[in-house]
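Open the model in your viewer and keep the selection tool at hand. We will go from stop to stop, choosing a few residues each time and looking at what is there.

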Amino acid sequence: MIDRPASHPPAGAPPVPAGRFATAVNKDVPVAAPGEFGALQLGEGQVRGVVPVWPPVVLAPMAGVTNLAFRSMCREYGAGLYVSEMITARGYLMGNRLTTLLASSSPDESPRSVQVYGADPVDLGEMVKSLVDEGVDHLDINMGCPVPKVTRAGGGSAIPVKPRLLARLVRAMVQNAGDVPVTVKMRKGIHDGLLTFEEAGRAAAGEGASAVGLHARTAAELYSGEADWTAIRRLVEILDVPVLGNGDIWEPYDAIRMMRETGCAGVIVGRGCLGRPWLFRELAQAFEGVEPDRPPRFGEIVEIMLEHGRRLVELFGEGVGVRQMRKWTAWYTKGFHGSAAVRGQLMRIDSLEDLERAVAALDMEEPFPVAALRAQRAKGSKTQSVKLPEGYLEDLEDDTPPKGPRTLEEIRSWEKALNGG
Ligand SMILES: Cc1cc2nc3c(=O)[nH]c(=O)nc-3n(C[C@H](O)[C@H](O)[C@H](O)COP(=O)(O)O)c2cc1C
């Protein structure tokens with residue numbers, strides 16, 4: 001258990017209503033006081049353009065999750081920055097069909113934000129130039145991926161171990177991004193004995209990154225345990241660019257607490273919004289100083305789930321769209337009475353009509369269960385021993401880019417592995 005300091009809400013914070021819909025940890029956390037938090041400024045104080053983000057809330061890039069369909073659902077509830085899932089540089093440059101689809105946007109998506117994944121400076125530069133030409137407003141690079149296939153090749157969360165390599169990759173992006181802000185997302189390090197975030201954060205900022213996002217877990221921890229918000233506070237202390245805090249925002253009040261406890265400039269929300277796109281409305285309300293609405297009842301959630309399904313079908317076509325929807329049904333129905341009994345049926349749906357039929361017998365009036373607020377929605381609690389390339393730690397000054405996938409076949413196999421991570 002991490003020893004977290006008490007929050008210090010400023011004078012003027014609105015009183016907390018009795019009977020608030022929250023878990024014990026958030027029962028007494030006041031929502032924002034007037035003027036307590038400002039917009040997240042990406043690119044401020046630099047030669048480059050500023051993207052102001054209000055509220056300072058970012059949808060975490062999540063592979064297999066934050067495609068255009070889900071981003072559009074979230075955006076309709078709230079405001080902030082909604083980042084694409086990671087887009088592999090090689091796949092994008094070679095015009096791989098799925099990569100192109102995952103990178104796609106719609107004309108009303110503004111600001112448009114894309115997370116890239118790559119470890120070759122030439123590829124990254126070329127990709128960034130092309131995305132900027134397409135009109136992208138914000139670029140992030142994934143340096144936190146813990147998937148063994150990736151770290152074993154020296155990519156993802158292995159990159160920050162070598163600050164000069166990290167610097168080289170960030171430089172390649174910044175130099176090709178024109179006035180579009182570039183941010184870096186990383187983890188604390190490989191494991192507790194090999195923490196990299198301080199030096200890596202400095203290297204990223206030194207190369208012109210507009211902000212650094214920190215998922216406050218190590219690659220060995222994967223998604224287990226409680227995120228270490230003290231590391232976020234430490235990064236805020238040592239960097240002069242905004243820090244985005246990431247890890248364990250399940251309720252809107254968690255975001256307010258994280259901002260108060262760490263001084264971070266914005267929060268990145270991952271698993272908490274899986275099957276809960278309305279979390280972004282609750283977050284916007286908490287930052288506006290308004291007590292958030294209660295979550296929808298089950299019947300409303302079924303409508304939201306079906307709308308999400310329609311958007312996935314529109315993006316991917318019926319076969320892939322409905323198959324994608326299967327995992328979402330588990331997240332949307334989590335914790336509701338009788339949902340476990342229909343889970344098997346939900347995992348086999350072949351159409352949205354099947355989905356409607358599977359949940360028809362459940363109680364449409366049931367309110368959202370408080371126990372579902374902090375329930376695991378993906379990934380679980382396993383940990384791992386991180387795989388690095390042979391001899392990787394012998395020369396930490398080395399900035400040679402690791403080998404990534406080159407052929408379309410290799411790219412597809414990587415993308416499959418990344419989706420699992
Ligand atoms: C299903 C899933 C897919 C993910 N894919 C990515 C990704 O593509 N890029 C990335 O930087 N992080 C990825 N992550 C990590 C999240 O962005 C985030 O850092 C992590 O979930 C911690 O935040 P949370 O505690 O709010 O979930 C993924 C996480 C999940 C659960």
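The tour below visits the domains, two helix pairs and the ligand shell of this predicted model.

**Stop 1: the two domains**

Begin by colouring residues 38-293 as domain 1 and residues 298-372 as domain 2. Taken over C-alpha atoms, the centres of these domains are 28 Å apart. Now turn to where they touch: domain 1 gives 10 residues to the contact and domain 2 gives 9. Which helix supplies the largest share of the domain 1 side? Select residues 68-77, helix α1, and you have it, with 5 residues. In chemical terms, the domain 1 side of this contact holds 7 nonpolar and 3 polar residues, and no charged ones.

**Stop 2: helices α4 and α6**

Next, select residues 121-134 for α4 and residues 163-176 for α6. Their axes come within 8 Å and cross at roughly 25°. Are they roughly parallel or oblique to each other? Angles under 35 degrees count as roughly parallel, so α4 and α6 are roughly parallel. The crossing where α4 passes α6 is right-handed.

To see the contact, show side chains on both helices:

- On α4, pick Pro-121, Leu-124, Gly-125, Val-128 and Lys-129.
- On α6, pick Arg-168, Leu-169, Ala-172, Met-173, Gln-175 and Asn-176.

Sorted by class, this contact has 6 nonpolar, 3 polar and 2 charged residues.

**Stop 3: helices α7 and α8**

Move on to residues 197-206, which form α7, and residues 229-238, which form α8. Here the axes are 10 Å apart and the packing angle is about 40°. That angle makes α7 and α8 oblique to each other. Their crossing is right-handed.

Again, bring up the residues that meet:

- From α7, show Phe-197, Glu-198, Gly-201 and Arg-202.
- From α8, show Ala-231, Arg-234, Leu-235 and Ile-238.

The class count for the contact of α7 with α8 is 4 nonpolar, 1 polar and 3 charged residues.

**Stop 4: around the ligand**

Finish by centring the view on the ligand, which has 25 residues around it. Which of these come nearest? Select Ala-60, Met-62, Met-86, Gly-270 and Arg-271 to see them. Then colour the whole shell by class: you should find 11 nonpolar, 9 polar and 5 charged residues.

Conventions:
Residues are numbered from 1 along each chain as its sequence is written. This is a predicted model: local features need pLDDT of at least 70, side-chain atom pairs count only at pLDDT 80 or more; totals for chains, interfaces and linings use all residues. A residue is near a molecule or strand if its C-beta atom, placed from the backbone, lies within 6 Å of it. Ala, Val, Leu, Ile, Met, Phe, Trp, Tyr, Cys and Pro count as nonpolar, Asp, Glu, Lys and Arg as charged, and the others, Gly among them, as polar. Axes are lines fitted to C-alpha atoms, for helices over the stretch in contact, and angles run from 0 to 180 degrees between N-to-C directions. Helices (H or I, at least four residues) and strands (E, at least two) are DSSP runs, numbered from the N terminus. Angles under 35 degrees count as roughly parallel, over 145 as roughly antiparallel, 65 to 115 as roughly perpendicular and the rest as oblique. A crossing is left-handed if the near helix is turned anticlockwise from the far one by less than a right angle, and right-handed if clockwise. Two residues are in contact if their C-beta atoms, placed from the backbone, lie within 7 Å. Domain bounds come from an automatic or database domain assignment.
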